[in-house]
Structures are given as C-alpha cells and as structure tokens.
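The following exercises concern aromatic contacts and sulfur bridging. Each task is followed by a worked solution.

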Amino acid sequence: MFKIKGKEFDVQYAYLDAYVNTSLKQLVFGLQIGAKDINDLIGRSKLFFNSEILLGVNANELNIWEDIAGKTIEWQEYSEDEGKPRALFYVFEHTEVTNTKVEFKAKKEKLIVKISATIDIYGNNGFDENLPLEIETEVDFFGVLCGRSTFEECQENLTPYINLDSLKYVKNNNGVSLMVPVDTDLERNILFLGDY
C-alpha cells in the first residue's frame, strides 16, 4: 500500500541498505521506496521516498538485519542537530518528509515497513502541500555498503554490528564491495554494484 491523500499508487520497490558510520560508531540503515502513478493523478509517473539516515544501531544491538523488526523511528521536522533531513520525498523536487512515524514489523518471515508522514509535492489535482502519506509494504535488504574495502576490512568493520554468517561479500569490476544476504539474487543489487 502506498497512499497520498487517500489515493493509491503502485509500489515498485522498497529496500533497506546500510553502511558503517565510523565517526558515530553505528551501523546506519537507509530506506528507499519507489512508487508509480499509474493513474496520472499528479502529473509525473515516478515518486520516491528516500532516507539515507533512517536508523543508527549500536554495536551488539542486532544479530541479523531482520532484528530491526519492532523498531520505531519518529520525528516532526528537520533538526539542524542532525545535519540533514531524515527523509526526502521526490516527485518534481526534493521536499522534506515531516510528522513521520516509521515502524518495522515481522510478518510471516518478511519485514514490513509502515510509514505515516506529511509531504509536499507541488503537483496537479490538489496534490500540493501538507499531504498525508501512508505506506505499508514488504522491504528487501540490499546489503551493507563497504566502499572499496577488502573482504577482511569489511568483515572487521561489520563484526561489532551484525552477524556475518547470513551475509556474503561481493565486489564489482570497479572495486566497489557490498555484504549481501547469502540468499540474494545478485542481479537485485546491480543498482549498487554496476556491471560484473
């Protein structure tokens, strides 16, 4: 489900990714959700919810990535203390996502994200400002971005935060590496890794 102002849009993808923030000493999760306006309600077909810094977890807080089930993240407006908005919404331009509640829950061996928020679009047909956003959808995990790290470096950085038994190391021809779920179809991660 992906609704703006009570109108349905088609979820195209929803995924989590993560990276180790060495200065904060946290594993930071981001959330990306894309939807399509198949009924031409807004005047542009693609819509994006993007949060690069949704949730930071400390060492020994998780065992596997699915353990974020049960976590809830809430914020009202952008806080200058955080350095940048927690999430942005994009249709015609990037706008801040406010009055937000993001909940993760487990459901039949799947991770579900439920979001309620307020967004601005500045689009057609009354899709302008202070619009209620509701999303509830299954989420995939693309993996943990490791930059140009070797397997050993990636393993050393991640070990305090997450059990590596459920992850495998992959690297593209350009040297960009990622720890992905063992059961991942690597084609799903092509967005990060590029061509092999």
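Rings of Phe, Tyr and Trp (its six-membered ring) count as a pair if their centres lie within 6.5 Å. The model under study is predicted.

**Exercise 1.** Identify the residues that form one aromatic cluster, and state which residue lies over the face of Phe127.

Solution. The cluster consists of Phe2, Phe9, Phe89 and Phe127. Turning to the face of Phe127, one finds Lys5 over it, at 5.6 Å from the ring centre.

**Exercise 2.** State how many aromatic pairs the whole structure contains, then classify the pair Tyr15 and Phe142.

Solution. Step 1: a search of the whole structure yields 9 aromatic pairs. Step 2: for Tyr15 and Phe142, the centres are 4.3 Å apart and the planes enclose 5 degrees. Planes under 30 degrees apart count as stacked, and the pair is accordingly stacked. Step 3: Tyr15 belongs to strand β3 (residues 10-21) and Phe142 to strand β11 (residues 131-147), with their positions 127 residues apart in the chain. Step 4: both Tyr15 and Phe142 are buried.

**Exercise 3.** Classify the pair Phe29 and Phe141, and explain which parts the pair ties together.

Solution. Step 1: the centre-to-centre distance is 6.1 Å with 45 degrees between the planes, and the pair is tilted. Step 2: Phe29 lies in strand β4 (residues 26-36) and Phe141 in strand β11, so the pair ties together parts 112 residues apart in sequence. Step 3: Phe29 and Phe141 are both buried.

**Exercise 4.** Locate the disulfide and decide whether its cysteines are buried or exposed.

Solution. Step 1: the structure holds 1 disulfide, joining Cys146 to Cys154 with an S to S distance of 1.9 Å. Step 2: Cys146 and Cys154 are both buried.

Note on methods
Residues are numbered from 1 along each chain as its sequence is written. This is a predicted model: local features need pLDDT of at least 70, side-chain atom pairs count only at pLDDT 80 or more; totals for chains, interfaces and linings use all residues. Side-chain values use heavy atoms; hydrogens and water are left out. Rings of Phe, Tyr and Trp (its six-membered ring) pair if their centres lie within 6.5 Å; planes under 30 degrees apart count as stacked, over 60 as edge-to-face and the rest as tilted. Helices (H or I, at least four residues) and strands (E, at least two) are DSSP runs, numbered from the N terminus. Buried means under 20% relative accessible area, exposed over 50%, partly exposed in between (1.4 Å probe, protein chains only). A charge sits over a ring if NZ of Lys or CZ of Arg is within 6 Å of the ring centre and within 35 degrees of the ring normal. A disulfide is a pair of cysteine sulfur atoms within 2.5 Å.
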